[in-house]
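I opened a new structure today and kept notes as I went. Here is what I looked up.

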Amino acid sequence: FWLATFVVLGGFYLCPFMLGYAGWYSGGTYRTFMFFVPFQQLFLIGPVLFFYVKALLDKDFQLSRTDLIHFLPAALYLLYSLVVFVGDVFLFEEYYFYADGRDKDLAFWYQMAGLVSMLFYLLLSLRYYWNYRKISVQEVSFADAIAFNWIQHFAIAFSLILLLRVLFFILNPEWGQFGSKYWYYLCFSVLLQYISISGYNNTVRATIKMPADSLVDWEPVEEMETPPSPLEGDQDILSNWKPKINDLFEAEKLHQNPSLTLTDLATLLNTNRSIVSKAINQEFQMNFNDFVNEKRAAAVIQKLRAGEHAQNTLLGIALDCGFNSKTTFNRAFKKHTMLTPQQFINQNKL
């Protein structure tokens, strides 16, 4: 829904430029249509983009009443457009608001305010995404599979286009001269295609729940599900969990589960997620995702030393050890051994 809405708004955004070149501003019914239909919903594009990112990354996201305040500027602009339409078409004998013959969507104040709005919500989206990445590596062992890297890529591309637009405001502030801005609309069209296609191809929903304050820079300090005892935060108590975690992984082969989460591990240890997370962070000096992937890499090395790569492919061995893709396997293996799998085999003459 949010992606489709964003694409529709993007299409409407291009209408004044495309239809203007088709001669619709020249006069008659077409001119009236162009004047009074608010195609460029600049105050809507930013919030829709932001809530699309939230809906994609938070499995429990639902639009709340307090979220509706983000749509207030767009509602006010629609009301303004309605006043202009009623006044110039029904109340006055000739154009009053449109006496200058310029489309209100292309007014400098509106374009500047819309630019600020889109920049603001783009920054909010990026902050939300970065906090999501921080949380995901602490919560799941398959963070790479739900990284949604394309969100960061299109956000950077969108930022560059908006920055170029700022430059044009400085060099040529008369935005109504849209004929000289063809390159901007062309870049926007390409970006819109990229977002729509990438968004359609990345329909996998996140499996983690984002905290309510996800716009605040997140730190890996988690809420306790059970009341802590006076000693649970003590370093000695956390160190006691290190052998328990190692023994459980060894006995149950937990690394082989490609969808293992921090909650799963805490349940098996009969404790809460906070203690397990702190123990892994402090005792192993790693986040949960890296910790599990190190176990998986160690399992792969064990199989390589046993010569299993003579009967099975490297990818097959990686999948047996809990990795969910070749890319994740190669990245994790090199991170923990400083070698690629093939380099490791060659160096150790396996």
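My entries follow, from the whole chain down to a single residue.

**Entry 1: the model.** I noted at the start that this is a predicted model. I looked up the confidence. The mean pLDDT of the protein is 86. I found that 89% of the residues reach 70 or more. Then I checked a weak stretch. Over residues 221–233 the pLDDT is below 50. Beyond near neighbours in sequence, residues 221–233 still have 20 contacts in the model.

**Entry 2: the overall fold.** I counted secondary structure next. I got 14 helices and zero strands. Along the sequence, the pattern is thus written with α alone, as α-α-α-α-α-α-α-α-α-α-α-α-α-α. I then asked how many of the 350 residues count as buried. The share is 46%. I also looked at contacts between residues at least 6 apart in sequence. Of these, 73% join residues at least 24 apart.

**Entry 3: helix 7.** I picked helix 7, residues 182–201, for a length check. With 20 residues at 1.5 Å a residue, helix 7 should span 28 Å. I found its end C-alpha atoms 29 Å apart, which agrees. Which residues of helix 7 are buried? I listed Tyr184, Tyr185, Phe188, Leu191, Leu192, Ile195, Ser196, Ser198 and Gly199. I recalled a rule for reading such a list. An α-helix has 3.6 residues a turn, so residues three or four places apart point the same way. Next I wanted the partners. The buried residues of helix 7 pack against helix 1 (2–21), helix 3 (42–57) and helix 6 (149–171).

**Entry 4: the cavity.** I turned to empty space. Rolling a probe the size of a water molecule over the atoms shows where such space is left. I found one cavity of 30 Å³ or more. The largest cavity holds about 80 Å³ of space. Its lining includes Phe35, Phe36, Val37 and Pro38. Tyr77, Tyr80, Ser81 and Val84 line it too. I completed the list with Tyr98, Asp103, Lys104 and Asp105. Which helices each supply at least two residues of this lining? I found helix 2 (28–36) and helix 4 (72–91). Helix 4 gives the largest share, four residues. By class, I noted eight nonpolar, one polar and three charged residues in the lining.

**Entry 5: the second largest pocket.** I moved on to the pockets and chose the second largest. About 250 Å³ of space lies in it. I wrote down the lining: Asn246, Phe249, Glu250, Lys253, His255, Gln256, Lys295, Ala298, Ala299, Gln302 and Lys303. Helix 8 (235–252) and helix 11 (288–305) each supply at least two of the lining residues. The largest share, five residues, comes from helix 11. By class, I noted three nonpolar, four polar and four charged residues.

**Entry 6: Phe249.** I ended on one residue from that pocket lining, Phe249. I located Phe249 in helix 8. Is Phe249 buried or exposed? Its relative accessibility is 2%, so Phe249 counts as buried; the cut-off is under 20%. I then looked up what Phe249 touches, not counting residues up to four places away in sequence. I found Leu254, His255, Leu260, Leu265, Phe291, Val292 and Lys295. Among these, I followed up Leu265. Phe249 and Leu265 are 16 residues apart along the chain. Their C-alpha atoms are separated by 9.2 Å. Two of the contacts, His255 and Lys295, also appear in the lining of the second largest pocket.

How values were computed
Residues numbered from 1 in each chain as written. Predicted model: local features only at pLDDT ≥ 70, side-chain atom pairs only at ≥ 80, totals over all residues. Heavy atoms only, no water. pLDDT = per-residue confidence, 0-100. Contact = heavy atoms within 4.5 Å. 1 Å grid on protein atoms, 1.4 Å probe; cavity = no way out; pocket = protein on both sides within 12 Å on 5 of 7 lines; lining within 4 Å. Points joined across faces, edges and corners; volume = space filled by probe spheres on them. Nonpolar A, V, L, I, M, F, W, Y, C, P; charged D, E, K, R; others polar. Expected span 1.5 Å × (residues − 1). Buried < 20%, exposed > 50% of the residue type's maximum accessible area, 1.4 Å probe, protein only.
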